[in-house]
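Me: I'd like to learn how to read a few features straight off a model. Could you walk me through them, starting with a side chain?

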Amino acid sequence: MSAAQATADATGRPTIQVYNSLTRSKAPLEPVTPGHVGIYLCGPTVYDKAHIGHMVGPVIFDTIKRYLTYCGYQVTWVVNVTDVDDKLIKRSAERGISMSQLAEEMTQDYLDNLAGMGVDGIDHMPKATESMDAIIAFTAGLIDKGFAYEVEGDVFFDVAKDPQYGKLTNRSVDELQGEGGGAAAKKRSAADFALWKAAKQGEPAWESPWGAGRPGWHIECSAMSKLLLGETFDIHGGGLDLVFPHHENEVAQSECLHGAPMAKVWMHNGLLRASAAAGKVGGRAEREAGEAGDQGAADDAGADIAAATAQKMSRSKGAGGLADQIAKFGGEKIRFCLLRTHYRSTVLFGEEALEESGTGLETFYRFFKRFERVTGGSFYELAPATTRAAGAFDAGDDALLATVADCRQRFLAAMDDDFNTGSAIGDLFELVRTLNKFVDQENLEGAGKSDAAKLATLTQGATTLRELAGILGLFRAPVDAGGGASDELVGKLMELFIELRTAARKNKDFAMADKIRDDLANLGVTLEDRPDGTDWTIG
RNA sequence: GGCGCCGUAGGCAAGUGGCUAAGCCAGCGGAUUGCAAAUCCGCCAUCAUCGGUUCGAAUCCGAUCGGCGCCUCCA
């Protein structure tokens with residue numbers, strides 16, 4: 001990797017700096033094929049319901065794909081589903097269903113949650129069980145080249161044959177413990193890892209040159225990324241917790257087989273931490289806390305108990321399943337909350353953080369209503385530019401548009417710098433404030449309402465806001481008002497109350513007017529008096 | 001023990017060598033309002049500590065204190 005040279009490519013695409021875990025530095029994104037970007041994100045092992053932590057990667061990469069597409073790249077985004085694994089076997093046995101049934105159920109849960117979070121840019125979701133040929137061929141290739149060996153139906157990667165092993169996480173082979181279990185004795189080195197596992201009686205199995213068995217954990221990603229993106233692709237992503245051993249093993253496998261780099265850039269997102277407690281959500285800290293509370297658990301049974309306790313504890317903290325959280329808070333609020341912090345940082349996640357995100361979002365929602373009041377058109381029906389080139393505009397000598405253009409410029413600069421969504425959101429707030437100020441100053445809700453030129457200017461500003469927010473996957477559709485606001489009777493009753501109160505105000509009977517407003521406030525209904533009438537909201 | 005990350009206002013969080021240290025939440029003052037709400041304006045940080053490099057550091061280096069991750073399954 002040579003020094004960063006900030007030059008746009010020949011087609012005028014902007015230079016985007018990306019932090020590479022492999023080099024621990026930022027460098028300009030230079031795709032293998034100019035104009036195309038292939039992204040592989042490690043998806044879930046579908047043995048249990050998704051929790052919020054599983055959404056961090058999808059949300060940030062969904063945003064990255066939107067941004068790259070906006071910038072003129074053609075993006076192919078792959079997220080795998082690992083649907084065969086020891087944990088699936090164990091869990092399905094416990095539940096008395098087949099592994100594929102379990103996988104199907106949990107995959108559906110995952111897909112539902114992705115939809116709830118507004119993640120819709122995934123191009124391929126390959127499943128390990130549907131990629132067996134590729135996995136077996138990959139494994140066989142490694143044996144042929146001498147990087148792997150077979151022992152009684154198991155196949156292991158021979159770490160000693162790869163001088164580069166450990167380069168991603170700066171580890172030396174002899175310091176590694178390696179995976180334990182019954183297979184440990186068969187391995188040449190403790191750090192060797194399974195590419196293929198011989199099936200025990202009753203376990204799901206696929207035929208292979210080494211007998212009936214199933215893939216090890218890491219091989220499916222190497223095989224499927226090769227299948228869909230090629231031997232060398234542009235970006236490989238995943239949570240920070242996957243760097244070792246998962247990604248370390250992936251690079252080893254792929255680069256030994258291909259003799260070429262696996263990914264040009266490795267991107268790792270930070271992990272979530274529960275804001276109310278120590279430790280990442282669903283992580284080891286919770287498990288250990290669980291074990292501590294479950295004192296006396298035998299060591300070898302610890303993992304089972306710990307996993308169960310971690311779940312229970314999450315629920316008892318009000319975290320619940322992700323689906324419940326999306327239902328309770330709304331996907332947009334969660335997405336906004338995740339995007340407020342840079343993707344490489346640890347995100348504090350909890351109800352307080354979500355509430356605060358909600359308060360911030362209200363500023364935008366209120367502006368959208370205001371925009372509709374002023375222009376008569378819906379913010380959500382504005383048709384913004386879908387490309388960076390098309391979104392650029394000449395502000396002329398218009399002060400408002402000059403400020404809008406400035407916000408847009410800063411937003412894009414932030415995104416160009418390793419997808420700094422936190423900074424970009426700050427620019428969005430400045431933009432909405434600028435637009436509000438404009439409405440205030442030009443009195444567009446009052447006397448200025450008929451000034452078509454001003455309304456057009458405001459509309460252009462709002463369109464830019466929509467353009468930029470759309471990159472983050474925000475404000476793409478109206479959020480449900482919720483809380484029964486759509487109830488027809490409630491609407492009629494509110495009309496009645498407002499009418500009575502308006503009459504009271506006309507008669508200067510402010511005691512009565514305030515009583516109505518205060519009593520409604522106690523019921524959770526807020527009234528807002530405006531020159532042209534009274535608005536009400538629930539919540 | 002090994003590898004790595006982080007410590008910016010009451011809370012959250014941008015900023016990684018140089019204009020007045022983004023933005024959000026909370027608070028305070030003001031405009032507006034019959035009063036509110038909403039909106040707008042203003043106020044609120046010298047960047048964990050110490051030392052060093054530099055004309056100049058939150059930003060680089062070292063030490064110390066504190067928090068965290070990985071080294072075993074984990075997004």
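Me: Which side chain makes a polar contact with the side chain of Glu445, at 2.8 Å?

Reply: For a polar contact, look for a pair of N or O atoms within 3.5 Å, one able to donate a hydrogen and the other to accept it. This is a predicted model, and here the partner at 2.8 Å is the side chain of Arg370. There's also a polar contact of 2.4 Å between the side chains of Glu445 and Arg373.

Me: Where does Glu445 sit in the chain?

Reply: Find the elements on either side. Helix 14 (421–441) comes before Glu445 and helix 15 (452–471) after, with Glu445 in the loop between them.

Me: Is Glu445 buried or exposed?

Reply: The cut-off for buried is under 20% relative accessible area. Glu445 has 16%, so Glu445 counts as buried. Leaving out residues up to four places away in sequence, Glu445 touches Arg370, Arg373, Val374, Val439 and Arg530.

Me: On to helix pairs. What is the angle between helix 9 and helix 10?

Reply: Compare the directions of the two axes, N to C; angles from 65 to 115 degrees count as roughly perpendicular. Helix 9 (residues 322–329) and helix 10 (residues 331–339) pack at about 100°, their axes 6 Å apart, and are therefore roughly perpendicular to each other. Helix 9 brings Gln325, Ile326 and Phe329 to the contact, while helix 10 brings Gly331, Lys333 and Ile334. By type, that contact has three nonpolar residues, two polar and one charged.

Me: And how many degrees lie between helix 5 and helix 6?

Reply: Same approach: helix 5 (residues 219–229) packs on helix 6 (residues 243–258) at an angle of about 50°, with 8 Å between the axes. That angle makes helix 5 oblique to helix 6. The crossing of helix 5 past helix 6 is right-handed.

Me: Which residues meet there, between helix 5 and helix 6?

Reply: From helix 5, take Ile219, Cys221, Ser222 and Lys226; in helix 6 they meet His246, Glu250, Gln253, Ser254, Leu257 and His258. Sorted by type, the contact of helix 5 with helix 6 has three nonpolar, five polar and two charged residues.

Me: Zooming out, how many helices and strands does chain A have?

Reply: Count the elements along the chain: chain A has 17 helices and 14 strands. Of its 539 residues, 48% are buried. For contacts, look at separation along the sequence: among those in chain A with a separation of 6 or more, 71% are between residues 24 or more positions apart.

Conventions: Residues numbered from 1 in each chain as written. Chains lettered and ligands numbered in written order. Predicted model: local features only at pLDDT ≥ 70, side-chain atom pairs only at ≥ 80, totals over all residues. Heavy atoms only, no water. Helix = DSSP H or I, 4+ residues; strand = E, 2+ residues; numbered from the N terminus. Buried < 20%, exposed > 50% of the residue type's maximum accessible area, 1.4 Å probe, protein only. Contact = heavy atoms within 4.5 Å. Axes fitted to C-alpha atoms, helices over the stretch in contact; angles between N-to-C directions. Parallel < 35°, antiparallel > 145°, perpendicular 65-115°, else oblique. Left-handed = near helix turned anticlockwise from the far one by under 90°. Nonpolar A, V, L, I, M, F, W, Y, C, P; charged D, E, K, R; others polar.
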